Structures are given as C-alpha cells and as structure tokens.
Amino acid sequence: KLVAVLLSLGALYAALLEVFEDIKPGGHHGAIFLAINELIELLISSTTIRKGNMRQILEHHFFRASLVSCAAIFALVETLSSTRKIGAHHGVLILSISKLFRVLGMMRSELKEKDA
C-alpha cells in the first residue's frame, strides 16, 4: 500500500504543478480530485483512520461522488473546448466517470440493504 500511496501523492504533485502553470480549468484540475479520491480510498482500506468523524466523512458516498464528479466536470470542460486530438483530459474524464459509477453502485447497494 505504501507504493500506491506514493504513486497517488506523485500524481497529486504533478497535477498541482500543472495547475500552477495553467490555471485554466481542465483535466489537470480533475487529476487533483482523482488523486485525492485515490488517497481517501487507500486511507479507508487501511487501518490508519479507524473510527470517528473523519472516517465517517471520508466514507460518505456523497462526499466521494462529489470528488469524482468535480474531476469529471473539469475534464469535460477541457474535452469540450479542446480542438486537440485525444489527450490526458480524455483519460481523466473516462476514469472519473468509471469511479462515479462505482460510488453510485455502492450507494445503491447501501440503500437496498437499508430497505431489506
């Protein structure tokens, strides 16, 4: 898991550098949200945060859906305004939509369990 954390931190750092160079909304902003989401997933799956308000916030599906939705929106802005060929912003858009479907699926399963 340490390697995954280091890779996620590296992705976050690279995306932050690009945002500082180009403030125009785009896939690099979305990459920040995806890296943060990945770090949260790693924190939840580890025993670093066991109980308390912080864990409840990080595990909350609405919070996680908001993160990946922001990533998708930023990537979509660049995708729609870009006249370039396929680029990293397309990958950020696809990955964020994939993660959004996963979070929505978890929300649906949780709702089904409450109804049962």
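This short presentation covers the fold, two helix packings and the largest pocket of the structure shown above.

Good morning, colleagues. Please keep in mind that what we are looking at is a predicted model.

I begin with the overall architecture. The protein contains 5 helices and 0 strands, and its pattern along the sequence reads α-α-α-α-α. The C-alpha trace extends over about 50 × 30 × 20 Å along the principal axes.

Let us turn to the packing of helix 2 against helix 4. Their axes approach within 7 Å, and the crossing angle is roughly 160 degrees. Because angles over 145 degrees count as roughly antiparallel, helix 2 is roughly antiparallel to helix 4. The crossing of helix 2 past helix 4 is left-handed.

Which residues of the two helices make this contact? From helix 2, the participants include Gly27, His28, Phe33, Leu34, Ile36, Ile40 and Ile44. From helix 4, they include Phe63, Leu67, Val68, Cys70, Phe74 and Glu78. Sorted by class, the contact comprises 12 nonpolar, 5 polar and 3 charged residues.

Helix 4 also packs against helix 5. Here the axes lie 8 Å apart, at an angle of about 155 degrees. This angle, too, makes helix 4 roughly antiparallel to helix 5. The crossing of helix 4 and helix 5 is left-handed. In this contact we find 13 nonpolar, 6 polar and 5 charged residues.

I come now to the largest pocket. A general remark first: empty space between atoms is revealed by rolling over them a probe the size of a water molecule. In this model, the largest pocket holds about 270 Å³ of space.

Where does its lining come from? Helix 2, spanning 27-45, helix 4, spanning 61-81, and helix 5, spanning 88-115, each contribute at least two lining residues. The lining consists of 16 residues, and those nearest the centre of the pocket are Gly27, His28, Glu78, Arg84 and His89. As to its chemical character, the lining has 4 nonpolar, 7 polar and 5 charged residues.

I would draw your attention to one link between these topics. Gly27, His28 and Glu78 are among the residues nearest the centre of the largest pocket. Gly27 and His28 of helix 2 and Glu78 of helix 4 also take part in the contact between those helices.

To conclude, helix 4 is roughly antiparallel to helix 2 and to helix 5, and these three helices each supply at least two residues to the lining of the largest pocket. Thank you for your attention.

Technical notes: Residues numbered from 1 in each chain as written. Predicted model: local features only at pLDDT ≥ 70, side-chain atom pairs only at ≥ 80, totals over all residues. Heavy atoms only, no water. 1 Å grid on protein atoms, 1.4 Å probe; cavity = no way out; pocket = protein on both sides within 12 Å on 5 of 7 lines; lining within 4 Å. Points joined across faces, edges and corners; volume = space filled by probe spheres on them. Helix = DSSP H or I, 4+ residues; strand = E, 2+ residues; numbered from the N terminus. Nonpolar A, V, L, I, M, F, W, Y, C, P; charged D, E, K, R; others polar. Axes fitted to C-alpha atoms, helices over the stretch in contact; angles between N-to-C directions. Parallel < 35°, antiparallel > 145°, perpendicular 65-115°, else oblique. Left-handed = near helix turned anticlockwise from the far one by under 90°. Contact = heavy atoms within 4.5 Å.
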